[in-house]
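Welcome! Please take a moment to look over the chain shown here, and then we will walk through it together.

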Amino acid sequence: MLACMGGLVILYMRQTDISRRMMILSTCAFGFALSFALGVLTSFNPYLSAATLTLTAFLVTTICRYYALPPPGTLFFIVVACLARTLPFDLSLAAERTGILMFGAMSACLLALIYSVCQVFFSKDYINRPTEAVDNNIIAITIESLVISLFVGGGYLLAIMADLDNPYWVPISTAAIMQGDTFRAIWHRNVHRIVGTTIGMGIAWAIFLLSPGPWELALLIFILSFFIEILITRNYGLAVIFITPLTVIFADITIAGSDTGHLMLSRLLDIILGCLIGFAGGWVIHHPKFIRSVKKRLPQK
């Protein structure tokens, strides 16, 4: 499961020249490892864990916004960071767990390199799309990233204080909702997230009832990842249908079985709570008064 999580870095492969493509993937692989390591090293204390999750969300949001990294953007960095906090704390296993995740990420980078070379030499339809424009307004990006990270970390802390069974879904949902560029987009994401998650939980419930073995799980992860890659940049609501069971498999496949229905219901309630927190955070970021106050503090050209 850890290697599979690392393999999700392949979702960040862009259709640019090979050197930039591999630089982005290797940087994302390092970001996955750092996000995961901070999670496994601080999960022993809920307050420290919430603080490091806030720091992780701030760093990845700032970097992704600055370099205009397209969807899935910060989502899977937060997913990896949150899932790391579901593992039982064991300092002696921290390096091994991070290494396994990094192994999966670097395997994905190798696969991307092989694909890229084949694409250049054997495909007549090779497309070298222009690189994304860099946003130089670092002050605005920093303020926005700070707000997002506070809501993500605060949502996680709230879930812990509410004594939720496994609160990782709350910050994941909050981060996913707050990626919208406008308040209308955030509203749409909120609706899509809840509807898509409900359907996705039904798929996860069916998977858990089947009690798949290792080979069946590998095939299911392949299928779910395939549809996520197809849909993530086209229709967020449809992509969530497949993101949800994939994330549940990563986090809960080892504990499911005794009461699958209760597990799915508790995860759905966690997601709804995270969506509401993300909606509130989106309202803050895109509120006219907040925007005006930020612009007043930005250097004028």
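How much of residues 194–211 is helix, and how far apart are the end C-alpha atoms? In this predicted model, residues 194–211 are 94% helix and 0% strand, and their end C-alpha atoms lie 26 Å apart.

## The overall picture

Let's step back to the whole chain. Its secondary structure consists of 12 helices and 0 strands, so a trace from the N terminus reads α-α-α-α-α-α-α-α-α-α-α-α. Of its 301 residues, 48% count as buried. The accessible surface comes to about 14,700 Å², and 70% of that belongs to carbon and sulfur atoms.

How do distant parts of the sequence meet? Take the contacts between residues at least 6 apart in sequence: 79% of them join residues at least 24 apart.

## What the record says

The unreviewed UniProt entry carries the annotation "transmembrane region" for residues 22–41, 100–118, 138–162, 194–211, 217–232, 239–258 and 264–285. You have already met one of these spans, residues 194–211. Another is residues 217–232, which the model shows as 94% helix and 0% strand, with end C-alpha atoms 22 Å apart.

## Helix 3, from end to end

Helix 3 covers residues 46–66. What span should we expect from its 21 residues at 1.5 Å a residue? The expected value is 30 Å, and the end C-alpha atoms are indeed 30 Å apart, so the two agree.

Both ends of this helix have something to look at. At the N-terminal end, N45 acts as a cap, with a side-chain oxygen 3.0 Å from the backbone nitrogen of Y47. Just after the helix, A68 takes a positive phi of about 50°. In between, the buried residues include S49, A50, T52, L53 and T54. Helix 2 (18–42), helix 4, helix 6 (138–161) and helix 7 (169–177) are among the elements that cover the buried residues of helix 3.

## Helix 4, an enclosed helix

Why can we call helix 4 largely enclosed by the rest of the structure? Because 10 of the 10 residues in this helix (residues 75–84) are buried. Among them are F76, F77 and V80.

Those three residues also turn up in the surroundings of F32. Setting aside residues up to four places away in sequence, F32 touches M5, G6, L8, V9, Y12, F76, F77, V80 and L101.

## The nonpolar core

The largest nonpolar core has 75 residues. Which residues have the most contacts inside it? They are Y12, F32, F36, F76, Y168, I228 and V248. Helix 10 (residues 236–252) supplies the largest share of this core, with 11 residues.

## Two buried residues up close

Let's finish with two single residues. T197 lies in helix 8 (residues 183–210). Its relative accessibility is 0%, so T197 counts as buried, since the cut-off is under 20%. Apart from neighbours within four places in sequence, T197 is in contact with H192, V240, T244, L268 and I271.

A112 sits in helix 5 (residues 91–122). Is A112 buried or exposed? With 1% relative accessibility, A112 counts as buried. Beyond its neighbours within four places in sequence, A112 is in contact with I10, M13, M22 and L25. The pair A112 and M22 shows how folding links positions along the chain: they are 90 residues apart in sequence and 7.8 Å apart in space, C-alpha to C-alpha.

Terms used: Residues are numbered from 1 along each chain as its sequence is written. This is a predicted model: local features need pLDDT of at least 70, side-chain atom pairs count only at pLDDT 80 or more; totals for chains, interfaces and linings use all residues. Side-chain values use heavy atoms; hydrogens and water are left out. UniProt positions are given in the numbering used here, feature names are shortened, and annotations may be inferred rather than shown by experiment. Helices (H or I, at least four residues) and strands (E, at least two) are DSSP runs, numbered from the N terminus. Buried means under 20% relative accessible area, exposed over 50%, partly exposed in between (1.4 Å probe, protein chains only). Contact means heavy atoms within 4.5 Å. The expected span of a helix is 1.5 Å times one less than its number of residues. A polar contact is a pair of N or O atoms within 3.5 Å; within protein, one must be able to donate a hydrogen and the other to accept it, and residues adjacent in sequence count only if both atoms are side-chain atoms. Accessible areas come from the Shrake-Rupley method with a 1.4 Å probe; for residues, only the protein chains shown count as cover. A nonpolar core is a set of buried Ala, Val, Leu, Ile, Met, Phe, Trp, Tyr and Cys residues joined through side-chain atoms within 4.5 Å.
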